Structure formats: structure tokens, C-alpha cells
Amino acid sequence: MRESFLEFVTDPSKKPLPRWIAVSVQRMNKDSGDLLFRGASGLLVVSSDPANPAVTTPREDVTLACANFELLANASGIATCWCGYLGLVEQEVPGLVEHLVGVPAGHPFAAMLFGVSGIRYPRGVARDGAARIVYC
Ligand SMILES: Cc1cc2nc3c(=O)[nH]c(=O)nc-3n(C[C@H](O)[C@H](O)[C@H](O)COP(=O)(O)O)c2cc1C
């Protein structure tokens, strides 16, 4: 995944990368941080075909699918992190997601990283006053 990403975005026939992507690439190349994939072992990309007449809410569909995956993964002890960054890079380097996982350019997608967590995250759920529920 990382090699494929680096190969595609650093193709000399493409326009120069914006600084924020170039910095990520540089750090990945130097093994000094993986701002895009966060060192995760897996990447889930869910896409939808907006031209399919049966699909009325393509963006919501892909987001909800990832959110459900996140709940399932976390309940099974697998750590997750949304990868919204991939969508931002795709805007600058169109065709990247097609190159990585075969999702055609222009198709809505959502991406989620998953794997074994590198840290234990002690924060609990803040219940006090976090929501106001009115029962009627
Ligand atoms: C739509 C969306 C896209 C995100 N994209 C990224 C991303 O590209 N990289 C990243 O490190 N975190 C990203 N995040 C944040 C993490 O998934 C996570 O929500 C954040 O680290 C807070 O952790 P928490 O869910 O435990 O509060 C994104 C979150 C959302 C909701």
C-alpha cells in the first residue's frame, strides 16, 4: 500500500505535489512517520457508484458503512482510524485511489485504517452532561 502510494504520487510525469503532501512523502521515505496510513496494517476503502440509479445517497452510504465497520472492528479488539486524508490527496493527485484499490476517479469513497493499536487509549466515555435526552 505505501509503496504503491509513493510510486504513484511521485511519478515525475505528474505536477509537483503541494507542500503538505510532499512533507508526508518525505517522512514516509525516511521512515520518520506515516501521516497518511498511520502505520496501520489494513486499509478499508468503501466506494459507491453515483451513476447507479439504485444508489440515491452514495456519500452517506460509504460513510455509514465505514462507521459500522469501525464499531464492529472496535468490538472485536481491532483499532481503527478514519483516513479522510486519502480523499484530500485524491483531490490533488486524481487517480490515486483507482491505482491503490481500483475505485474509479469521481466515485465517492470513505477510507478507514485498521490494525493492532500501538497505544492503549485510556479515555472513557464522557457521559455527564454530554447529551440531553428528552423522553416524551
Ligand atoms: C471523517 C473523518 C476523517 C478523518 N481522517 C483522519 C485522517 O486522515 N487521519 C487521522 O489521523 N485521523 C483522521 N480522523 C480522526 C480519527 O479517525 C479519530 O477520530 C481521531 O483520532 C479521534 O479519535 P477518537 O475517535 O478516539 O475520538 C478522521 C476523523 C473523521 C471523523
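This report describes the fold, a helix pair, the ligand shell and selected residues of a predicted model.

## Overall fold

The chain contains 5 helices and 3 strands. Taken in sequence order, these elements give the pattern α-α-β-α-β-α-α-β. The C-alpha trace spans about 60 × 45 × 25 Å along its principal axes.

Of the 136 residues of the chain, 18% count as buried. Contacts between residues at least 6 apart in sequence can be divided by their separation: 67% of them join residues at least 24 apart.

## Packing of α1 and α2

Helix α1 covers residues 2–9 and helix α2 covers residues 19–29. Their axes lie 11 Å apart, and the two helices pack at an angle of about 135 degrees. An angle of this kind falls outside the ranges for roughly parallel (under 35 degrees), roughly perpendicular (65 to 115) and roughly antiparallel (over 145), so α1 and α2 are oblique to each other. The crossing of α1 and α2 is left-handed.

On the α1 side the contact is made by R2, L6 and V9, which meet I21, V25, M28 and N29 in α2. By class, the contact of α1 with α2 has 5 nonpolar, 1 polar and 1 charged residues.

## Ligand shell

The residues around the ligand are R38, C81, W82, C83, G84 and Y85. Two elements, β2 (79–82) and α4 (84–92), each supply at least two residues of this shell. By class, the shell has 4 nonpolar, 1 polar and 1 charged residues.

R38, one of the shell residues, is placed in the loop between α2 and β1. R38 has 15 C-beta neighbours inside 10 Å; a residue is exposed at 12 or fewer and buried at 20 or more, so R38 counts as partly exposed.

## Positive phi in the α2–β1 loop

Most residues other than glycine have a negative phi. Two residues of the loop between α2 and β1 are described here, D31 and R38. D31 has a positive phi of about 60 degrees although it is not a glycine. R38, also not a glycine, has a positive phi of about 55 degrees.

The surroundings of D31 can be stated in the terms used for R38. D31 has 7 C-beta neighbours inside 10 Å and therefore counts as exposed. The loop that holds D31 runs between α2 and β1, and β1 comprises residues 42–47.

## Residue pairs distant in sequence

A67 is found in helix α3, which comprises residues 58–75. With 14 other C-beta atoms within 10 Å, A67 is partly exposed. The C-alpha atoms of A67 and M112 are separated by 8.9 Å, and these two residues are 45 residues apart along the chain.

R120 lies in the segment after β3, a strand formed by residues 109–115. R120 has 5 other C-beta atoms within 10 Å and is therefore exposed. Along the chain, R120 and A79 are 41 residues apart, and their C-alpha atoms are separated by 10.0 Å. The β2 strand (79–82) is one of the elements that supply residues to the ligand shell.

Methods. Residues numbered from 1 in each chain as written. Predicted model: local features only at pLDDT ≥ 70, side-chain atom pairs only at ≥ 80, totals over all residues. Helix = DSSP H or I, 4+ residues; strand = E, 2+ residues; numbered from the N terminus. Near = placed C-beta within 6 Å. Nonpolar A, V, L, I, M, F, W, Y, C, P; charged D, E, K, R; others polar. Axes fitted to C-alpha atoms, helices over the stretch in contact; angles between N-to-C directions. Left-handed = near helix turned anticlockwise from the far one by under 90°. Contact = placed C-beta atoms within 7 Å.
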